[in-house]
Amino acid sequence: MGIIDDLDALQVEALAALSAAESLDALDAVRVAYLGKKGSLTAVLRGLGALSPEERPAVGKASNEVRQALETALEARRAELSSAALEARVAAEAVDVTLPARVRPLGHRHLIQQIAAQIIDVFIGLGYRIAEGPEVELDYYNFTALNHPPEHPARAATDTFYVRDLSAGEAGSGAAPTGESDVLLRTHTSPVQVRVMERQKPPIYILCPGTVYRRDIADPSHLPQFTQIEGLVVDESITFADLKGTLDHFVREIFGPDRRARFRPHFFPFTEPSAEVDVSCGICHGAGCRFCKGTGWLEILGCGMVDPDVYAYVGIDPERYTGFAFGMGVERIAALKYNIPDLRMLLEGDMRFLRQF
Ligand SMILES: [Zn+2]
């Protein structure tokens with residue numbers, strides 16, 4: 001039985017080759033060498049036809065046993081090598097949790113946005129709601145309905161950015177262009193107050209934050225574009241004492257309990273009486289220093305009782321309702337809170353400066 005002996009030898013040789021395979025690729029090469037179409041075992045089976053009918057069953061049975069033994073050994077070795085390969089990959093890709101993390105700088109809101117949010121929080125806490133309106137505004141809402149007479153200096157093209165120049169378009173008028181028209185970049189957020197009063201009856205408690213534009217040259221205390229927050233209250237029995245109490249509370253909330261507020265008489269076209277509010281200097285605490293120009297006080301906002309003439313434009317009964325309004329520049333509040341000597345520093349984008357806040 002020479003063929004049976006050959007099969008035994010082939011099985012021994014193939015099993016040794018399978019266990020010697022060190023990778024899945026090497027294992028597959030062994031499989032092809034013994035069990036493939038041109039493999040050794042396949043060649044033996046092909047030779048069955050040449051055997052005598054007496055020999056055939058025994059050799060056929062033996063070669064099937066060899067094939068099964070090899071396939072079983074092949075699967076076992078494949079499983080071993082697969083799990084070893086997986087372990088190797090897991091080990092290679094493992095994360096070392098003891099490595100220190102790469103620190104990336106975290107972004108944060110710009111100081112102007114932070115202060116605006118703090119101011120808004122104070123008044124939301126008092127029951128105000130936010131009102132917004134267009135930055136490109138009509139002269140009517142920006143000036144006329146706020147009691148600015150036609151000759152008021154704020155209406156001059158030297159003070160206000162006009163969007164259209166009506167006089168330039170009038171052919172044959174002969175007049176030199178004045179730059180003035182009925183469409184402008186709002187100079188304050190007060191037009192939002194007019195728009196709210198037009199469509200809402202009192203009680204009104206609103207805060208109007210937004211960007212405003214004035215034809216100023218940028219310098220340490222002026223910006224041609226800045227962020228304003230105005231407030232408006234219209235209700236029954238509102239007095240100057242309510243205004244003062246509200247703003248005293250605001251100053252303590254924003255600047256801290258050790259800063260004081262004072263009210264000075266002033267004039268605004270749309271409030272009567274009007275006042276400017278100062279906060280005590282954060283550097284000298286009232287003694288006088290360069291930052292407060294020796295006065296001990298820094299101006300932070302304008303305010304007053306709403307002029308009854310304004311109510312006439314929006315159809316609110318001045319006999320029944322009274323109210324107050326106030327307005328402040330957010331950049332200025334930020335500068336005074338953090339003793340920043342020049343408003344332009346807020347807009348220069350110098351990260352060494354901005355990261356401090
Ligand atoms: Zn001072």
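**View 1. Four cysteines around a zinc ion, spaced C-x2-C-x4-C-x2-C in sequence.** In this predicted model, the protein donors of the zinc ion (N, O or S atoms within 2.8 Å of the metal, or 3.2 Å for Na, K and Ca; water is not among the atoms, so sites may look incomplete) are the SG atoms of Cys281, Cys284, Cys289 and Cys292, lying 2.2 Å from it. The angles among the 4 donor atoms run from 104 to 116°, and the site of the zinc ion is tetrahedral (four donors with all angles between 85 and 135 degrees). For comparison, the ideal angle for four tetrahedral donors is 109.5 degrees. Cys284 has 16% relative accessibility and therefore counts as buried, and so does Cys292 at 4% (buried is under 20% relative accessible area, exposed over 50%, partly exposed in between, with a 1.4 Å probe and protein chains only).

**View 2. Tyr128 meets Tyr205 edge-to-face.** A search of the whole structure finds 11 aromatic pairs (rings of Phe, Tyr and Trp, the last by its six-membered ring, with centres within 6.5 Å; planes under 30 degrees apart are stacked, over 60 edge-to-face, the rest tilted). In the pair shown here, Tyr128 and Tyr205 are 5.9 Å apart centre to centre, with 80° between the planes. The pair links distant parts of the chain, 77 residues apart: Tyr128 is in the loop between helix H5 (111-124) and strand E1 (129-130), and Tyr205 is in strand E4 (residues 204-213). Helices (H or I, at least four residues) and strands (E, at least two) are DSSP runs numbered from the N terminus. Tyr128 is buried at 6% relative accessibility, whereas Tyr205 is partly exposed at 29%.

**View 3. Phe268 and Phe270 form a stacked pair.** Their ring centres are 6.2 Å apart and their planes meet at 25°, so the pair counts as stacked. Phe270 is buried, with 17% relative accessibility.

**View 4. Arg195 places its charged end over the ring of Tyr141.** The distance to the ring centre is 4.1 Å. A charge sits over a ring if NZ of Lys or CZ of Arg is within 6 Å of the ring centre and within 35 degrees of the ring normal.

**Notes for all views.** Residues are numbered from 1 along each chain as its sequence is written, and side-chain values use heavy atoms, leaving out hydrogens and water. Local features need pLDDT (the predictor's confidence in each residue, from 0 to 100) of at least 70, and side-chain atom pairs count only at 80 or more, while totals for chains, interfaces and linings use all residues.

Definitions and conventions
Four donors count as tetrahedral if all angles lie between 85 and 135 degrees; four count as square planar and six as octahedral if opposite donors are over 155 degrees apart and all others between 65 and 115; anything else is irregular.
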